[in-house]
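User: I am in my first year and would like to practise reading a structure closely. Could you look with me at one part of this one and explain it step by step?

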Amino acid sequence: MSPLTGMVIACLAGGVLSVSIAALFALNARKHWVPLLVSYAIGALLAAVFLEILPHAIETSPNIEAMTATMLFGILLFFALEKLVLWRHCHGEHCEMHAMHDEAHCPELHPGKASAQKVKVPQGAIKFRPLPAETPQVLSHHHHHDDGRSGMMIMIGDTFHNFVDGVLICAAFMVDMQVGLVTALAIIAHEIPQEVGDFLILLHSGYSKRKAFLFNIASSLATLAGGLIAYAGLNMVQHWVPYILSLAASSMLYVAVADLIPGLHKRTAMRDTLLQLLLITLGVASVAITKFLVEG
């Protein structure tokens, strides 16, 4: 078997295998578990960034300042992308509603509360305007997910990450067939905890199970694309690896810190807080243990 054939099989089989194993866990979770398991996804994302992606980017980068500048650019880029998605879904008075409307002040959930007391609105503040009665579905829609914003961001970052995985697999197969197989297996093992987190974020973001699975499979094809492009010009592609990894890290960090963690603060009970901390720790531990077992 030629190195090219081995690399193509490893990239395709590895991507499908890691996504399928992650799907077995994430897609079989009960629906009401998904908001809780988002805490696990946060831990897995943060661990992937700080224990896996950034160390590798720093190790391979000839210019640390340029790499960190790329990461800063990535965070600003994903902020701008999210603003564009918000603008697309936000029309007229609904934008003002988004600024004030949450579960605690929802007239649909607390009909007596709004009529029983008049809230004094400070001068210059945005006034609350309830949605018309004919569109109550929008209320429940925004309580449970974010119009796919965090799901879209995580897929962009995961695609960058998978592309780099393909470059690494190609480089390993160019050295030796056995080295290539070991590298491919190590990357598959690393990917599984993160893929579980990706599935949970997609479900939490409002995607169906079918769409979540198809999007993850499509994203995994970037591994093959990275491998083939690297095979055609390995020296040129390897030069860009630290910067591609920086963009992948920035997207995952942005989703975890800007989109997911603020949602955890809506549950303020001590029991919920402790459960969130436990699940975040479990997400970090799953990535760290997998890294330890694979790399020794």
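Is Y231 buried, partly exposed or exposed, and why does it count that way?

Analyst: Before turning to that residue, please keep in mind that this is a predicted model. Y231 counts as partly exposed because its relative accessibility is 39%, and the class called partly exposed covers what lies between under 20%, which is buried, and over 50%, which is exposed. As for its place in the chain, Y231 belongs to helix α9, which covers residues 209–232. Confidence in the protein is highest in α9, at a mean of 90. At the surface, Y231 joins L4, M174 and L228 in making a nonpolar patch of about 340 Å².

It helps to set this residue beside others that can be read in the same careful way. L54, which lies in helix α2, counts as buried because its relative accessibility is 11%. Leaving aside residues up to four places away in sequence, L54 touches V49, M67, M71 and A249. One of these, M71, is 17 residues from L54 in sequence, and the two C-alpha atoms are 9.8 Å apart in space.

Helix α2, residues 34–60, also holds E52, and this residue takes part in one of the two salt bridges that a search of the whole structure finds. Its partner is K291, with the closest N and O atoms 3.5 Å apart. The pair links distant parts of the chain, since K291 sits in helix α11, residues 270–295, and 239 residues separate the two. Both partners are partly exposed: K291 because its relative accessibility is 22%, and E52 because its relative accessible area is 21%.

The other salt bridge joins the side chains of D272 and R271, at 4.0 Å from N to O. Here the two partners fall into opposite classes, for D272 counts as buried because its relative accessibility is 17%, whereas R271 is exposed because its relative accessible area is 66%.

Finally, a careful reader asks how far the model can be trusted from place to place. The protein averages a pLDDT of 77, and 78% of the residues score at least 70. Confidence is lowest in helix α6, residues 137–144, where the mean is 42. Over residues 131–144 the pLDDT stays under 50, and the model has 17 contacts for this stretch beyond four places in sequence.

Terms used: Residues numbered from 1 in each chain as written. Predicted model: local features only at pLDDT ≥ 70, side-chain atom pairs only at ≥ 80, totals over all residues. Heavy atoms only, no water. Patch = residues over 30% accessible without salt bridge, like charges linked within 9 Å, V, L, I, M, F, W, Y side chains within 5 Å. Areas by Shrake-Rupley, 256 points an atom, 1.4 Å probe, with all protein chains shown as cover. Helix = DSSP H or I, 4+ residues; strand = E, 2+ residues; numbered from the N terminus. Buried < 20%, exposed > 50% of the residue type's maximum accessible area, 1.4 Å probe, protein only. Contact = heavy atoms within 4.5 Å. pLDDT = per-residue confidence, 0-100.
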